[in-house]
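Let's take a walk through this structure together, starting with the whole chain and then stopping at a few places worth a closer look. Keep the viewer open as you read.

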Amino acid sequence: MSRRGSGPEPAGGLLVVDKPGGMTSHDVVARVRRLAGTRRVGHAGTLDPMATGVLLLGVGRATRLLTHLVGADKAYDAVVRLGEATTTDDAEGELLPDVGTAAGARGVDPDGSALADALAALRGPISQVPSAVSAIKVDGRRAYARARDGEDVALAARPVVVSALEVRGTSRGTGASGRPVLDLDVRAVVSSGTYVRALARDLGAALGTGGHLTALRRTRVGPYDLDGAAPLAELAAAVDARGDAGRTPE
(Lines give C-alpha, C1' and ligand atoms only; values in the text may rest on other atoms or scores of the structure.)
Protein backbone atom coordinates (compact mmCIF):
# COMPACT_ATOMS: atom_id res chain seq x y z
CA MET A 1 0.00 0.00 0.00
CA SER A 2 1.13 3.56 -0.61
CA ARG A 3 0.27 6.77 1.19
CA ARG A 4 -2.02 9.44 -0.28
CA GLY A 5 -0.07 11.72 -2.57
CA SER A 6 2.85 9.29 -3.02
CA GLY A 7 1.56 7.67 -6.21
CA PRO A 8 -1.51 6.44 -8.08
CA GLU A 9 -4.43 4.90 -6.23
CA PRO A 10 -3.69 1.23 -5.48
CA ALA A 11 -5.32 -1.37 -7.71
CA GLY A 12 -6.61 -2.96 -4.54
CA GLY A 13 -6.59 -6.23 -2.69
CA LEU A 14 -7.94 -8.08 0.31
CA LEU A 15 -6.38 -7.46 3.71
CA VAL A 16 -6.83 -9.87 6.60
CA VAL A 17 -6.36 -7.77 9.73
CA ASP A 18 -6.09 -9.01 13.30
CA LYS A 19 -8.20 -6.28 14.87
CA PRO A 20 -7.06 -5.10 18.30
CA GLY A 21 -9.49 -4.54 21.15
CA GLY A 22 -10.79 -1.07 21.84
CA MET A 23 -11.25 -0.12 18.18
CA THR A 24 -14.42 -0.20 16.13
CA SER A 25 -14.39 -1.78 12.69
CA HIS A 26 -14.85 1.73 11.27
CA ASP A 27 -11.75 2.87 13.20
CA VAL A 28 -9.75 0.16 11.44
CA VAL A 29 -11.18 1.11 8.04
CA ALA A 30 -10.28 4.77 8.66
CA ARG A 31 -6.71 3.82 9.61
CA VAL A 32 -6.27 1.66 6.50
CA ARG A 33 -7.69 4.45 4.32
CA ARG A 34 -4.91 6.70 5.55
CA LEU A 35 -2.27 4.02 5.09
CA ALA A 36 -3.46 3.06 1.60
CA GLY A 37 -4.09 6.61 0.44
CA THR A 38 -7.62 5.86 -0.74
CA ARG A 39 -11.14 6.12 0.61
CA ARG A 40 -12.11 2.95 -1.21
CA VAL A 41 -11.80 0.66 1.81
CA GLY A 42 -14.57 -1.45 3.29
CA HIS A 43 -14.96 -4.44 5.60
CA ALA A 44 -16.86 -7.73 5.48
CA GLY A 45 -18.54 -8.11 8.85
CA THR A 46 -18.45 -5.79 11.85
CA LEU A 47 -16.56 -6.62 15.04
CA ASP A 48 -17.55 -4.92 18.30
CA PRO A 49 -14.89 -2.71 19.94
CA MET A 50 -14.37 -5.33 22.67
CA ALA A 51 -13.73 -8.08 20.12
CA THR A 52 -10.43 -8.94 18.47
CA GLY A 53 -9.44 -11.10 15.54
CA VAL A 54 -10.10 -11.53 11.84
CA LEU A 55 -11.48 -8.48 10.05
CA LEU A 56 -11.55 -8.73 6.27
CA LEU A 57 -10.90 -5.48 4.42
CA GLY A 58 -11.19 -4.71 0.74
CA VAL A 59 -8.99 -1.96 -0.70
CA GLY A 60 -9.62 -0.25 -4.03
CA ARG A 61 -11.28 -2.47 -6.62
CA ALA A 62 -11.30 -5.37 -4.14
CA THR A 63 -14.18 -3.72 -2.27
CA ARG A 64 -16.39 -5.40 -4.90
CA LEU A 65 -15.40 -8.77 -3.47
CA LEU A 66 -16.75 -7.95 -0.03
CA THR A 67 -20.35 -8.61 -1.05
CA HIS A 68 -19.35 -12.23 -1.67
CA LEU A 69 -17.62 -12.52 1.72
CA VAL A 70 -20.12 -10.82 4.03
CA GLY A 71 -22.28 -13.94 4.04
CA ALA A 72 -19.43 -16.36 4.85
CA ASP A 73 -19.58 -18.41 8.04
CA LYS A 74 -17.47 -17.25 10.96
CA ALA A 75 -15.63 -18.95 13.84
CA TYR A 76 -15.05 -17.49 17.28
CA ASP A 77 -13.34 -18.19 20.58
CA ALA A 78 -15.36 -16.64 23.39
CA VAL A 79 -15.76 -16.52 27.15
CA VAL A 80 -19.35 -16.77 28.37
CA ARG A 81 -19.96 -15.74 31.97
CA LEU A 82 -22.91 -17.45 33.65
CA GLY A 83 -24.30 -15.87 36.80
CA GLU A 84 -24.57 -12.26 35.62
CA ALA A 85 -26.39 -10.45 32.82
CA THR A 86 -25.69 -7.00 31.37
CA THR A 87 -27.56 -4.36 29.41
CA THR A 88 -25.48 -5.06 26.29
CA ASP A 89 -25.07 -8.85 26.68
CA ASP A 90 -21.31 -8.29 26.94
CA ALA A 91 -18.75 -6.90 29.38
CA GLU A 92 -19.18 -3.31 28.16
CA GLY A 93 -22.71 -3.01 29.56
CA GLU A 94 -24.08 -2.38 33.03
CA LEU A 95 -25.00 -5.28 35.29
CA LEU A 96 -28.66 -6.22 35.50
CA PRO A 97 -29.17 -7.05 39.19
CA ASP A 98 -32.70 -8.37 38.68
CA VAL A 99 -31.65 -11.11 36.22
CA GLY A 100 -30.75 -14.51 37.63
CA THR A 101 -30.60 -15.42 41.30
CA ALA A 102 -28.42 -14.50 44.27
CA ALA A 103 -26.88 -17.97 43.91
CA GLY A 104 -25.54 -16.94 40.51
CA ALA A 105 -24.04 -19.92 38.71
CA ARG A 106 -23.23 -21.87 41.87
CA GLY A 107 -25.65 -24.64 40.94
CA VAL A 108 -24.48 -25.08 37.35
CA ASP A 109 -22.55 -28.31 36.86
CA PRO A 110 -20.09 -27.92 33.95
CA ASP A 111 -20.48 -31.62 33.22
CA GLY A 112 -24.19 -31.81 33.97
CA SER A 113 -27.14 -32.44 31.69
CA ALA A 114 -28.70 -28.99 32.23
CA LEU A 115 -25.76 -27.20 30.62
CA ALA A 116 -25.43 -29.84 27.90
CA ASP A 117 -29.13 -29.56 27.03
CA ALA A 118 -29.02 -25.74 26.99
CA LEU A 119 -26.03 -25.78 24.63
CA ALA A 120 -27.69 -28.36 22.37
CA ALA A 121 -30.80 -26.18 22.09
CA LEU A 122 -28.65 -23.37 20.67
CA ARG A 123 -27.05 -25.50 17.95
CA GLY A 124 -28.28 -25.96 14.43
CA PRO A 125 -30.83 -23.76 12.68
CA ILE A 126 -32.32 -21.51 15.37
CA SER A 127 -34.34 -18.32 15.63
CA GLN A 128 -32.30 -15.63 17.39
CA VAL A 129 -33.31 -12.21 18.71
CA PRO A 130 -30.34 -9.87 18.19
CA SER A 131 -29.02 -7.78 21.04
CA ALA A 132 -30.88 -4.51 21.57
CA VAL A 133 -27.58 -2.65 21.12
CA SER A 134 -26.81 -4.18 17.73
CA ALA A 135 -26.19 -2.17 14.57
CA ILE A 136 -29.48 -3.28 13.02
CA LYS A 137 -31.53 -0.37 11.74
CA VAL A 138 -35.01 0.25 13.15
CA ASP A 139 -36.97 2.83 11.15
CA GLY A 140 -33.74 4.24 9.77
CA ARG A 141 -31.80 4.43 13.05
CA ARG A 142 -29.34 1.95 14.53
CA ALA A 143 -30.77 -0.10 17.37
CA TYR A 144 -27.85 0.81 19.65
CA ALA A 145 -28.54 4.53 19.11
CA ARG A 146 -32.18 4.09 20.09
CA ALA A 147 -31.21 2.04 23.16
CA ARG A 148 -28.63 4.67 24.15
CA ASP A 149 -31.39 7.30 24.01
CA GLY A 150 -33.45 5.28 26.48
CA GLU A 151 -35.90 3.75 24.01
CA ASP A 152 -37.20 0.23 24.49
CA VAL A 153 -35.88 -1.61 21.45
CA ALA A 154 -37.65 -4.79 20.41
CA LEU A 155 -35.97 -6.54 17.49
CA ALA A 156 -37.54 -9.35 15.52
CA ALA A 157 -36.05 -12.82 15.69
CA ARG A 158 -34.11 -13.94 12.64
CA PRO A 159 -33.04 -17.38 11.40
CA VAL A 160 -29.37 -18.21 11.92
CA VAL A 161 -27.31 -21.39 11.98
CA VAL A 162 -24.95 -22.39 14.80
CA SER A 163 -22.80 -25.15 13.32
CA ALA A 164 -20.69 -25.64 16.44
CA LEU A 165 -20.99 -24.53 20.06
CA GLU A 166 -18.69 -26.37 22.43
CA VAL A 167 -17.16 -25.75 25.84
CA ARG A 168 -13.40 -26.22 25.99
CA GLY A 169 -12.78 -25.21 29.58
CA THR A 170 -14.41 -23.71 32.67
CA SER A 171 -13.46 -21.68 35.72
CA ARG A 172 -15.37 -20.46 38.75
CA GLY A 173 -15.12 -17.14 40.52
CA THR A 174 -17.01 -14.18 41.90
CA GLY A 175 -18.42 -11.56 39.56
CA ALA A 176 -18.62 -7.80 39.93
CA SER A 177 -22.06 -8.24 41.51
CA GLY A 178 -20.64 -10.49 44.22
CA ARG A 179 -22.48 -13.48 42.80
CA PRO A 180 -20.77 -16.78 42.05
CA VAL A 181 -20.03 -17.00 38.33
CA LEU A 182 -18.98 -19.76 35.98
CA ASP A 183 -16.86 -18.79 32.95
CA LEU A 184 -17.08 -21.03 29.91
CA ASP A 185 -14.34 -21.01 27.27
CA VAL A 186 -16.41 -21.59 24.15
CA ARG A 187 -15.74 -22.25 20.48
CA ALA A 188 -18.53 -21.27 18.10
CA VAL A 189 -18.98 -21.58 14.34
CA VAL A 190 -21.95 -19.59 13.11
CA SER A 191 -23.64 -18.25 10.01
CA SER A 192 -23.48 -14.63 9.01
CA GLY A 193 -25.79 -12.46 11.11
CA THR A 194 -25.41 -14.51 14.29
CA TYR A 195 -24.67 -12.60 17.50
CA VAL A 196 -22.38 -14.56 19.81
CA ARG A 197 -23.31 -12.28 22.73
CA ALA A 198 -26.94 -13.20 22.10
CA LEU A 199 -25.93 -16.86 22.43
CA ALA A 200 -24.35 -15.99 25.81
CA ARG A 201 -27.53 -14.16 26.86
CA ASP A 202 -29.79 -17.01 25.77
CA LEU A 203 -27.63 -19.66 27.42
CA GLY A 204 -27.83 -17.79 30.72
CA ALA A 205 -31.57 -17.34 30.32
CA ALA A 206 -32.09 -21.05 29.67
CA LEU A 207 -30.18 -21.92 32.85
CA GLY A 208 -31.88 -19.22 34.92
CA THR A 209 -28.56 -17.63 35.87
CA GLY A 210 -28.21 -14.77 33.45
CA GLY A 211 -25.26 -14.69 31.08
CA HIS A 212 -23.07 -12.38 29.06
CA LEU A 213 -19.91 -12.34 26.97
CA THR A 214 -16.64 -11.27 28.60
CA ALA A 215 -14.26 -11.94 25.68
CA LEU A 216 -14.61 -12.53 21.95
CA ARG A 217 -12.00 -13.32 19.32
CA ARG A 218 -12.94 -14.04 15.71
CA THR A 219 -10.66 -16.77 14.43
CA ARG A 220 -12.01 -17.22 10.90
CA VAL A 221 -14.18 -15.63 8.20
CA GLY A 222 -14.88 -18.11 5.41
CA PRO A 223 -11.47 -19.44 4.28
CA TYR A 224 -9.50 -16.62 5.95
CA ASP A 225 -8.16 -17.29 9.44
CA LEU A 226 -5.77 -15.88 12.01
CA ASP A 227 -2.77 -17.64 10.45
CA GLY A 228 -2.96 -15.19 7.57
CA ALA A 229 -3.96 -12.14 9.58
CA ALA A 230 -1.63 -9.21 10.26
CA PRO A 231 -1.92 -6.98 13.33
CA LEU A 232 -2.87 -3.42 12.41
CA ALA A 233 0.33 -2.05 13.97
CA GLU A 234 2.37 -4.42 11.78
CA LEU A 235 0.65 -3.14 8.63
CA ALA A 236 1.35 0.46 9.64
CA ALA A 237 5.00 -0.35 10.32
CA ALA A 238 5.33 -2.02 6.92
CA VAL A 239 3.92 1.04 5.16
CA ASP A 240 6.28 3.31 7.12
CA ALA A 241 9.24 1.12 6.25
CA ARG A 242 8.31 1.13 2.57
CA GLY A 243 7.96 4.90 2.64
CA ASP A 244 11.34 5.31 4.29
CA ALA A 245 12.96 3.01 1.75
CA GLY A 246 11.65 5.16 -1.09
CA ARG A 247 12.90 8.45 0.27
CA THR A 248 16.11 10.00 -1.05
CA PRO A 249 18.60 10.76 1.75
CA GLU A 250 19.35 14.45 2.20
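What follows goes from the overall chain to two helices, a cavity and two loop residues.

Please keep in mind that this is a predicted model. The protein chain has six helices and 12 strands. Of its 250 residues, 44% are buried. Looking at contacts between residues at least 6 apart in sequence, 74% of them join residues at least 24 apart.

Let's begin with helix H1, which covers residues 25–36. With 12 residues at 1.5 Å a residue, H1 should span 16 Å, and its end C-alpha atoms are indeed 16 Å apart, so the expected and modelled values agree. Which residues of H1 are buried? They are Ser25, Val28, Val29, Val32, Arg33, Leu35 and Ala36. Seen down the axis of H1, these buried residues fall within an arc of 165°, so they line one face of the helix. A general point about helices helps here: an α-helix has 3.6 residues a turn, so residues three or four places apart point the same way. Now turn H1 around: the face away from its buried side carries the exposed residues His26 and Arg34. Just past the helix, glycine 37 follows with a positive phi, near 75°.

Next, find helix H5, residues 196–207. H5 has 12 residues, so at 1.5 Å a residue it should span 16 Å; its end C-alpha atoms are 17 Å apart, which agrees. The buried residues of H5 are Val196, Arg197, Ala198, Leu199, Ala200, Arg201, Leu203 and Gly204. What covers them? The cover includes helix H3 (113–121) along with the strands E4 (74–82), E5 (124–128), E8 (158–174), E9 (180–190) and E10 (211–221). Just after H5 comes glycine 208, and its phi is positive, about 75°.

H5 also leads us to a cavity. The count of cavities of 30 Å³ or more comes to one, and the largest cavity holds about 60 Å³ of space. Its lining is made up of Ala78, Val80, Leu119, Leu122, Leu165, Val186, Val196, Leu199, Ala200 and Leu203. E4 and H5 are the elements that give two or more residues to this lining. H5 gives the most, with four residues. What is the lining like by class? It has 10 nonpolar residues, no polar ones and no charged ones.

Finally, let's visit two loops. Aspartate 89 sits in the loop between E4 and H3. Its phi is near 65°, a positive value in a residue other than glycine. Is aspartate 89 buried or exposed? At 8% relative accessibility it counts as buried, because the cut-off for that class is under 20%.

The other stop is serine 177, in the loop between E8 and E9. Serine 177 has 37% relative accessibility, so it counts as partly exposed. Leaving aside residues up to four places away in sequence, serine 177 touches Glu84 and Leu95. Take glutamate 84 as one of these partners: it is 93 residues from serine 177 in sequence, and the two are 7.6 Å apart in space, C-alpha to C-alpha.

Note on methods:
Residues numbered from 1 in each chain as written. Predicted model: local features only at pLDDT ≥ 70, side-chain atom pairs only at ≥ 80, totals over all residues. Heavy atoms only, no water. Expected span 1.5 Å × (residues − 1). Buried < 20%, exposed > 50% of the residue type's maximum accessible area, 1.4 Å probe, protein only. Contact = heavy atoms within 4.5 Å. 1 Å grid on protein atoms, 1.4 Å probe; cavity = no way out; pocket = protein on both sides within 12 Å on 5 of 7 lines; lining within 4 Å. Points joined across faces, edges and corners; volume = space filled by probe spheres on them. Nonpolar A, V, L, I, M, F, W, Y, C, P; charged D, E, K, R; others polar. Arc of directions from axis to C-beta.
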